[in-house]
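Work through the exercises below with the sequence and the model open. Try each task before reading its solution.

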Amino acid sequence: MYIDKQVKRGYNEYIRLDEGIGKDAMMDVALLVMEDGDTYYFEEPEKELAALVFDGKCTIEWDDQSYDVDRPNPFDYNPSCLHVCKGTKVKITAHGPCNIYIQKTLNDKTFPNKMYKPEDTDTWARGNQGELMGCIKRDVRTCFDLDNAPYSNMVLGEVVNLPGKWSSYPPHHHPQPECYFYRYDKPMGFGAGWGNGEIYETHHNGLAIITDKMHSQVTAPGYSCCYAWGIRHLPGNPWDKTRIDDEEHLWLLEDDANDHIWHCPTGN
């Protein structure tokens with residue numbers, strides 16, 4: 001399922017885990033849109049919460065700590081992401097326009113709250129060795145997953161999808177539900193996504209909820225996209241970098257795949 005939304009100042013809720021498609025995703029997803037001087041508070045009695053700043057300046061406070069975020073854009077700068085357990089009071093104060101991705105899910109565990117700073121983010125440059133003729137070059141960033149936050153019921157990171165390039169490719173799937181939240185470098189940016197056996201057009205501030213079948217993404221030439229990717233672990237079956245590749249396209253993973261791709265005879 002794909003959701004387009006005209007966001008406004010304040011808390012823009014896309015899905016809730018207790019209703020509609022949110023039940024399948026098992027998560028709450030929202031975009032917090034703030035202006036200079038705005039303040040927003042969170043305190044979830046039953047849910048863990050992650051707040052990932054897409055762009056802007058803000059101060060985030062939790063427990064007896066605070067952290068100042070200054071992220072001009074999500075393309076040239078790594079994210080700052082606060083991850084807290086249930087019952088934690090969080091205060092966010094904006095110092096200018098600010099867009100923050102919010103992801104929550106049920107978790108009865110109490111664990112150490114953590115601010116994942118830009119230097120903490122694991123960035124994996126994928127497809128940068130000419131694989132598939134350079135068509136899948138992208139950066140995959142991970143804020144937290146099963147490796148560094150085994151107490152969490154979620155995973156959260158970002159992908160920088162370059163103009164005209166593919167990501168989440170070759171086609172694959174996993175049993176755990178996943179959400180993609182799209183931010184383009186220009187508001188008219190667009191692309192396409194595959195999931196749940198459907199094809200959907202992606203836009204700025206759009207959300208895809210993937211619960212079934214293969215999924216991949218592509219952006220239109222001229223537009224870059226940075227999308228948050230959030231996965232909900234299943235009870236007894238966490239996402240441990242789980243990837244089930246489409247058997248029909250396994251040849252794309254071979255080292256000599258480029259040798260079996262048609263090349264223009266003129267060399268263009």
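Helices (H or I, at least four residues) and strands (E, at least two) are DSSP runs, numbered from the N terminus. The model is predicted: local features need pLDDT of at least 70, side-chain atom pairs count only at pLDDT 80 or more, and totals for chains, interfaces and linings use all residues. Residues are numbered from 1 along each chain as its sequence is written, and side-chain values use heavy atoms, with hydrogens and water left out.

**Exercise 1. Describe the chain as a whole.**

Step 1. Take the secondary structure: the chain has 1 helix and 20 strands.
Step 2. Check the radius of gyration, taken over C-alpha atoms; the globule rule is 2.2 Å times the number of residues to the power 0.38. The chain has a radius of 19 Å, close to the 18 Å that the rule gives for 268 residues, so it is as compact as a globular protein of that length.
Step 3. Look at burial. Buried means under 20% relative accessible area, exposed over 50%, partly exposed in between (1.4 Å probe, protein chains only). Of the 268 residues, 52% are buried.
Step 4. Look at contacts, meaning heavy atoms within 4.5 Å. Among those with a separation of 6 or more, 74% join residues 24 or more positions apart.

**Exercise 2. Classify the ring pair of Phe 111 and Tyr 151, and place both residues.**

Step 1. Recall the criteria. A pair of aromatic rings is described by the distance of the centres and the angle of the planes. Rings of Phe, Tyr and Trp (its six-membered ring) pair if their centres lie within 6.5 Å; planes under 30 degrees apart count as stacked, over 60 as edge-to-face and the rest as tilted.
Step 2. The whole structure holds 18 aromatic pairs. For Phe 111 and Tyr 151, the centres are 4.6 Å apart and the planes are at 20°, so this pair is stacked.
Step 3. Phe 111 is in the loop between strand S8 (89-106) and strand S9 (114-116), and Tyr 151 is in the loop between strand S11 (138-144) and strand S12 (154-161), so the pair ties together parts 40 residues apart in sequence.
Step 4. Phe 111 has a relative accessible area of 6%, so it is buried.

**Exercise 3. Trace the surroundings of Asn 153.**

Step 1. Asn 153 lies in the loop between S11 and S12.
Step 2. Its relative accessible area is 15%, so Asn 153 is buried.
Step 3. Leave aside neighbours within four places in sequence. Asn 153 then contacts several residues, including Glu 48, Thr 105, Leu 106 and His 233.
Step 4. Find the polar contact (a pair of N or O atoms within 3.5 Å; within protein, one must be able to donate a hydrogen and the other to accept it, and residues adjacent in sequence count only if both atoms are side-chain atoms). The side chain of Asn 153 reaches the backbone oxygen of Leu 106 at 2.8 Å.

**Exercise 4. Is Leu 132 buried or exposed, and what about Lys 241?**

Step 1. Check the backbone. Leu 132 has phi near 50°, a positive value in a residue other than glycine. Lys 241 is not a glycine either, and its phi is positive, about 55°.
Step 2. Place them. Leu 132 is in the loop between strand S10 (122-126) and S11. Lys 241 is in the loop between strand S19 (225-232) and strand S20 (244-245).
Step 3. Apply the accessibility cut-offs. Leu 132, at 8%, counts as buried. Lys 241, at 47%, counts as partly exposed.
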